[in-house]
Each structure stands twice: as C-alpha cells, then as structure tokens.
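Q: I am in my first year and would like a close look at one part of this protein, namely its cysteines and the links between them. Please take me through it slowly, and then show me what else can be read from the side chains.

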Amino acid sequence: MRISEDRVKKVELLSPAGNLEKLKIAINYGADAVYGGVSHFSLRIRSGKEFTIESFKEGIDYAHARGKKVYCTINGFPFNSQIKLFRKHVEKMAELEPDAFIVSTPGVINLCKEIAPHIDLHLSTQANVMNYLDAQVYFELGVKRIIVAREISLKDVQIIKEKLPELELEVFVHGSMCFAYSGRCLISTMQSGRVPNRGSCANDCRFPYTLYAENPETGTLFKLEEVAGEGTYIMNAKDLNLASHIKEILDSKAVDSLKIEGRTKSPYYTAITTKVYRCAIDDYYNGRFYPEIYQKELHTTKHRGFTDAYLIQRPYEKADTQKLDSSISEGTHQVTAEVTEDGLYFLTKDKMCKGDEVEIVSPNGELTECENEIGKVYKKEDSWFVKFYKIKTESGKEMECIHSGNQNRVKLPCKMEPFSFFRRKIGKSND
C-alpha cells in the first residue's frame, strides 16, 4: 500500500499519540490529527506519564509545523477534592495551544470555556451520546465535536447529523473495545482499587475467570464447567475493526472524523493502523476500495480477534464480540526493528542476525535499492526487503546477532524513511 499524494480533506483521520515517538509516527504515517495528554486527568494514565509538559509541547509544535492538529485529552471524571488541581492543569494545557480539549462532563466544559474560550471542545465517548437530544444539549453548551458512544448505530449518527449539521461527529473505527457500557466500568475498581474513570483501569475484564454456583441452603459450591474450546475469558471483548466498512461510513456523509484507539499500544500498531486507514480513506475518494488488502495489514498487528461491533449492526444481531479462548493474539508478523528518526540506523525489537532477510514497512514506500558491505535493500514482488551481511553498531562493533532490548543503534545499508519498521512472518526462523 502507498499513501496517496492527493489528499482531498473530506474526513479526518485521528490517531493515538501515547508518547512523543508515537505522535511522530502517526503524523508520518498519514494522520490528520492526533490525540494524547499529560497526567491523571487523561483516561490513559500510563500513556499520560510518557508525556511531560515539555515533550507534549514539542509534539504539538511538531504537528503544527506539518499542518496537523493535536487534541489534548482531559477526559477524566474529577472528584471534588481534585477541582483545584484540575483547574491548574487546564491552565497549563491551554498555554501549550492544542487544537482542542477532549472532555467528558458539563462542569468541565464550563471550566474550560472559562479558562480557555479560544480552544475548541470535543466531547469524549465516555459521555455516551447516542441521540440528537443529548447532542443538542452539549452543542448548546459550546461543544464543537462529539465523539459518539461506541454502542451507537450509523443510522443514529446520520440522524444526529441531520438534526445538527453544524456539529462535528467523530466515530471510533479501530482498537480495543470495553466490556462496560461506553467504557464506564467498576470491575477494576472493585478488584484492585484502580479506577477506570480516572484513567487507571487494570483491564480485569481481560483475565480468565472460573465460574461457580452456590446453593444458599446447603452452602454447596458447584464449578460451572466451561464449554470445550471456548475457555473462560468471558468478558474479553474483541477489538474493533471497521476498515472493511469505511466506504459505507463515508457514504453516509455524517462522519467528520475517524478515530483509532490505542495510546498504550506499540509504535508498530500506531504505524500500521494509521497507514491502513489513511489508504482506505484515500482509496475511497479516488474511487477504489480494497478491504482484503487493508485486513491483511491489520492482521499483522497484535489483537484480540476482530469485530465490527455496533456501528453497522446492533448488539443483539450478532454474537461475535467476545474472544473467549485467550486475552490477545499475536498477529501474523513479528516486528524485528524500528528505523531511527534520522533514517541511518535501526533499534532492535526482536533477535536479528547476519543473513537475516526482513520485510520493510515505511510511511510512504519511498525506498531505493542499494547494496554494500552492510547489506542490501531490494524489492521482491510488491514488497521491500533488507538483508544484512553485517550487524554493525554505530560505534563500529560487529555482532553475529543482536537481541531484543539491546539499545545500540545498528547501521543500515542505506538511508531509509524515518520510523520505518522491519518485520518477519511469525514462525519464520530468525537464525
């Protein structure tokens, strides 16, 4: 796949930015905008900790210099004791000049309007807007865009757009799905004290459970035997994947932004999902559409099985939203390395040895054939590959193999696009 050079801006592609590196990857792989945040007031504490005020500002400047947007996540649900700290946080974020705040409650909407009336407000999916009556209330409060509930149907999205044509609507098209309604869950809170609605979910729904039934009269406890082959991952939702439905979604003319979930996922995930949906969007506007190609690429990422969830079909119309046998699947490919931002070296993500041949995934496919003592870059059929004759670090040290976790930068045969990835099919030998 190659990203189209002719990008007619019709619908926005919004990608996750879990840290500065992933922000840059999303921008380079075709995102029109990214979302991320700093601190506990974002609903992803782990990714929020990966951004400092300084690095988040650097990311905003990086995006703006390339004509892209950054939406700041302030979508947690604050307690009374946190309001003063929350106000200070909004003030700090406003100084960084993001393009919008993503918020979840009416009170926070008013607070942001008071502190930073010049910054657009986007309403989080946590507010679970599913109808035009609720949408109108938030629109009148000053919200420019609503990220609709994940339980909503495309038909209902169209009705909201018909009733409120000036209101922007954003839908999730890919990523993790929550077991709870609009992500408002208490399982993690009850079991580990980590509150999902404050950004610290422990993903307890992904764990395997054993079920018992008790007779209250006798105190007898019976184990409920699992169905053969289904396991006990009873609350483990599959991942959303609407790549095959992009044409249907864009034909509706109701959606302004397509959103990819995954701030805590890997840099490779950010790259592949962004590139696939960029290509799908561009292909749609160029009068073509290749769902088989999009799905083949998306299946190279780690996932929990895929579902098209609720936007296209109602929950009661299908029963394929849960993955019952394991918490996650490996995908079809293993990432072996990531090219550095200067394009001259790679950092290993999996064992790499002399003689290895690995596939190259790059933002735009702008590669040239080359060969020298380090190795060669060449095209085979429709894919690019690199084969290493030497594993030589930046300092000149040579190795037979380099293993995952080694932080030495390793020389490339020739300069490549920044943030390119090397990968091999799972099961293929790396020796």
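A: What follows begins with the cysteines and then moves on to the aromatic rings, one leucine and the interior space. Please keep in mind throughout that this is a predicted model, and that every value below is computed from it.

The structure holds two disulfides, and it is worth taking them one at a time. In one of them, cysteine 353 is joined to cysteine 401, with the two sulfur atoms 2.0 Å apart. This pair connects distant parts of the chain, since cysteine 353 belongs to strand S15, which covers residues 352-353, while cysteine 401 belongs to strand S22, which covers residues 401-402, and the two cysteines are 48 residues apart. If you look along the bond between the sulfur atoms, the torsion is about 105°, and therefore this disulfide is right-handed. The surroundings of the two partners can be described separately: cysteine 353 has a relative accessible area of 4%, so this residue is buried, as the limit for that word is under 20%. Cysteine 401, with a relative accessibility of 24%, counts as partly exposed, because this value lies between the 20% and 50% limits.

The other disulfide is formed by cysteine 370 and cysteine 414, and here the sulfur atoms are 2.3 Å apart. The torsion about its S-S bond is -75°, and the link is left-handed. Cysteine 370 sits in strand S17 (residues 370-371), whereas cysteine 414 sits in the loop that runs between strand S23 (410-411) and strand S24 (421-425), so this disulfide ties together parts that are 44 residues apart in sequence. Both cysteine 370 and cysteine 414 are buried.

How are the bonded cysteines paired when they are numbered in sequence order? The pattern is 1-3, 2-4. Cysteine 112, on the other hand, takes part in no disulfide, and the nearest cysteine sulfur, which belongs to cysteine 72, is 8.8 Å away. A disulfide needs two cysteine sulfur atoms within 2.5 Å, and so the 8.8 Å between the sulfurs of cysteine 112 and cysteine 72 does not meet that limit. Cysteine 112 is buried, with a relative accessible area of 0%, and cysteine 279 is likewise buried, with a value of 2%.

From the cysteines we can turn to the aromatic rings, of which the structure holds nine pairs. One of these pairs is made by tyrosine 29 and phenylalanine 421, whose ring centres are 6.5 Å apart and whose planes meet at 45°, an arrangement described as tilted. This pair, too, joins distant parts of the chain: tyrosine 29 is in the loop between helix H1 (20-28) and strand S2 (33-36), phenylalanine 421 is in strand S24, and the two are 392 residues apart. Tyrosine 29 is buried at 0% relative accessible area, and phenylalanine 421 is buried at 1%. Another pair joins tyrosine 284 to tyrosine 285, with 5.0 Å from centre to centre and 75° between the planes, which makes it edge-to-face. Of these two tyrosines, tyrosine 284 is buried at 14% relative accessible area, while tyrosine 285 counts as partly exposed at 29%. Beyond single pairs, ring pairs link Tyr29, Tyr268 and Phe421 into a cluster.

Rings can also have a charged group placed over them. Lysine 259 lies over the face of tyrosine 35, at 4.3 Å from the ring centre, and the charged end of lysine 265 sits over the ring of tyrosine 269, 5.2 Å from its centre.

Helix H1, which was named above, includes leucine 20, a residue that counts as buried at 17% relative accessibility. In sequence, leucine 20 and glutamate 50 are 30 residues apart, yet their C-alpha atoms are 8.0 Å apart in space. When its neighbours within four places in sequence are set aside, leucine 20 is in contact with Phe51, Ser55, Glu58 and Gly59.

Finally, there is the enclosed space inside the protein. A search of the whole structure finds one cavity of 30 Å³ or more, and the largest cavity holds about 90 Å³ of space. Among the residues that line the largest cavity are Val148, Ala149, Arg150, Phe172, Met177 and Tyr310.

Methods:
Residues numbered from 1 in each chain as written. Predicted model: local features only at pLDDT ≥ 70, side-chain atom pairs only at ≥ 80, totals over all residues. Heavy atoms only, no water. Helix = DSSP H or I, 4+ residues; strand = E, 2+ residues; numbered from the N terminus. Buried < 20%, exposed > 50% of the residue type's maximum accessible area, 1.4 Å probe, protein only. Phe/Tyr/Trp six-rings, centres within 6.5 Å; stacked < 30°, edge-to-face > 60°. Lys NZ or Arg CZ within 6 Å of the ring centre and 35° of its normal. Contact = heavy atoms within 4.5 Å. 1 Å grid on protein atoms, 1.4 Å probe; cavity = no way out; pocket = protein on both sides within 12 Å on 5 of 7 lines; lining within 4 Å. Points joined across faces, edges and corners; volume = space filled by probe spheres on them.
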